[in-house]
Amino acid sequence: MNKTRMITTMAIFVAIGTLGAKMLWFPAGIAKAYPVQHVVNVMAAVTLGPLPAVAIAFMIGVLRVLLGLGTLLAFPGGMIGAFLAGILYKFSKRKGLAVVGEVLGTGVIGALFAVPYAQLFMGTSVGALAFLPPFFVSSVSGAFLGWFVLSRVGERLSVRRV
């Protein structure tokens, strides 16, 4: 795929993730759940690969923080989930494993990473159990929604040959 098409596709995913954060969220424990972030992570991981998916998650996190649509917790969960989803899809070529990667990456690893991250950058000292439920609920709902969209759109969405 040429660079222009890759950057354009990434920008569209960033726009969808940022606008989706404004339009679709729900309270989940001490945090807000933004399932569109996880939809985008799964779709970007499958269509573009792990590194572009991480870059997209990072840019969505930056925009969400700058626009007041999220907190600094947008970074650890989104980026770890996107990376693990991309890696699992890259080696298995199974969309279901991209969903598993997103849920494990965000819902478990990202939630555990959020504890010291929140303490260091946000001055919050809460335990892992405070982050696990909201991260898990958000990632499960969004990842399965992403899998559903990918299964319906199929090859039309794919911008690279896998």
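How near do the axes of α2 and α4 come, and at roughly what angle do they cross? This tour of a predicted model approaches that crossing step by step and answers the question on arrival.

**The whole chain**

Begin with the entire chain in view. It contains 6 helices and 2 strands, and their order along the sequence is α-β-β-α-α-α-α-α. Of the 162 residues, 44% are buried. Consider next the contacts between residues at least 6 apart in sequence: 70% of these join residues at least 24 apart.

**Helix α1**

Select residues 3–23, which form helix α1. At 1.5 Å a residue, its 21 residues should span 30 Å, and this agrees with the 30 Å between its end C-alpha atoms. At the start of the helix, a side-chain oxygen of Asn2 comes to within 3.3 Å of the backbone nitrogen of Thr4.

Now colour the buried residues of α1: Thr9, Met10, Phe13, Val14, Gly17, Thr18, Gly20 and Ala21. Viewed down the helix axis, the buried residues fall within an arc of 165°, so they line one face of α1. A general point helps in reading such a pattern. An α-helix has 3.6 residues a turn, so residues three or four places apart point the same way. On the face of α1 turned away from the buried side are the exposed residues Thr4, Leu19, Lys22 and Met23. To see what covers the buried residues, display α2 (35–47) and α3 (50–66), which are included in that cover.

**Helix α3**

Keep α3 selected. Its 17 residues should span 24 Å at 1.5 Å a residue, and its end C-alpha atoms are indeed 24 Å apart. The buried residues of α3 are Pro50, Pro52, Ala53, Val54, Ile56, Ala57, Ile60, Gly61 and Arg64. They pack against α1, α2 and α4. Just after α3, select Gly68, which takes a positive phi of about 75°.

**Helix α4 and its end**

Move to residues 74–92, helix α4. For its 19 residues, a rise of 1.5 Å a residue gives an expected span of 27 Å; the end C-alpha atoms are 27 Å apart, in agreement. The buried residues in this helix are Ala74, Phe75, Pro76, Gly77, Gly78, Gly81, Ala82, Ala85, Gly86 and Tyr89.

Select Tyr89, one of the buried residues of α4. Its relative accessible area is 5%. Its C-alpha atom is separated by 8.2 Å from that of Gly101, although the two residues are 12 apart along the chain.

Continue to Ser92, also in α4. Is Ser92 buried or partly exposed? Its relative accessibility is 23%, and therefore it counts as partly exposed. The side chain of Ser92 reaches the backbone oxygen of Leu88 at 2.7 Å. A polar atom of the Ser92 side chain also lies 3.1 Å from the backbone nitrogen of Arg94. Between Ser92 and Arg94, select Lys93, which follows α4 and has a positive phi near 60°.

**The crossing of α2 and α4**

Show α2 and α4 together. Here is the answer to the opening question: their axes come within 8 Å and cross at roughly 30°. The crossing is right-handed. On the α2 side, select Gln37, Asn41, Ala45 and Val46. These meet Gly78, Gly81, Ala82, Ala85, Gly86 and Tyr89 in α4.

**His38 and Thr106**

Two residues complete the tour. The first is His38, in helix α2. With a relative accessible area of 5%, His38 is buried. Which residues does His38 touch, leaving out those up to four places away in sequence? They are Glu102, Thr106, Ser138, Ser139, Gly142 and Ala143.

From that list, select Thr106, which lies in helix α5 (residues 95–122). Thr106 is buried, its relative accessible area being 2%. A polar atom of its side chain lies 2.7 Å from the backbone oxygen of Gly77, and Gly77 is among the buried residues of α4. Setting aside neighbours within four places in sequence, Thr106 is in contact with His38, Gly77, Gly78, Gly81, Gly101, Ala111, Phe135 and Ser139. With Thr106 selected, return to the crossing: Gly78 and Gly81 are among the α4 residues that meet α2 there, and both also appear among the contacts of Thr106.

Key
Residues numbered from 1 in each chain as written. Predicted model: local features only at pLDDT ≥ 70, side-chain atom pairs only at ≥ 80, totals over all residues. Heavy atoms only, no water. Helix = DSSP H or I, 4+ residues; strand = E, 2+ residues; numbered from the N terminus. Buried < 20%, exposed > 50% of the residue type's maximum accessible area, 1.4 Å probe, protein only. Polar contact = N/O pair within 3.5 Å; in protein donor to acceptor, adjacent residues only side chain to side chain. Expected span 1.5 Å × (residues − 1). Contact = heavy atoms within 4.5 Å. Arc of directions from axis to C-beta. Axes fitted to C-alpha atoms, helices over the stretch in contact; angles between N-to-C directions. Left-handed = near helix turned anticlockwise from the far one by under 90°.
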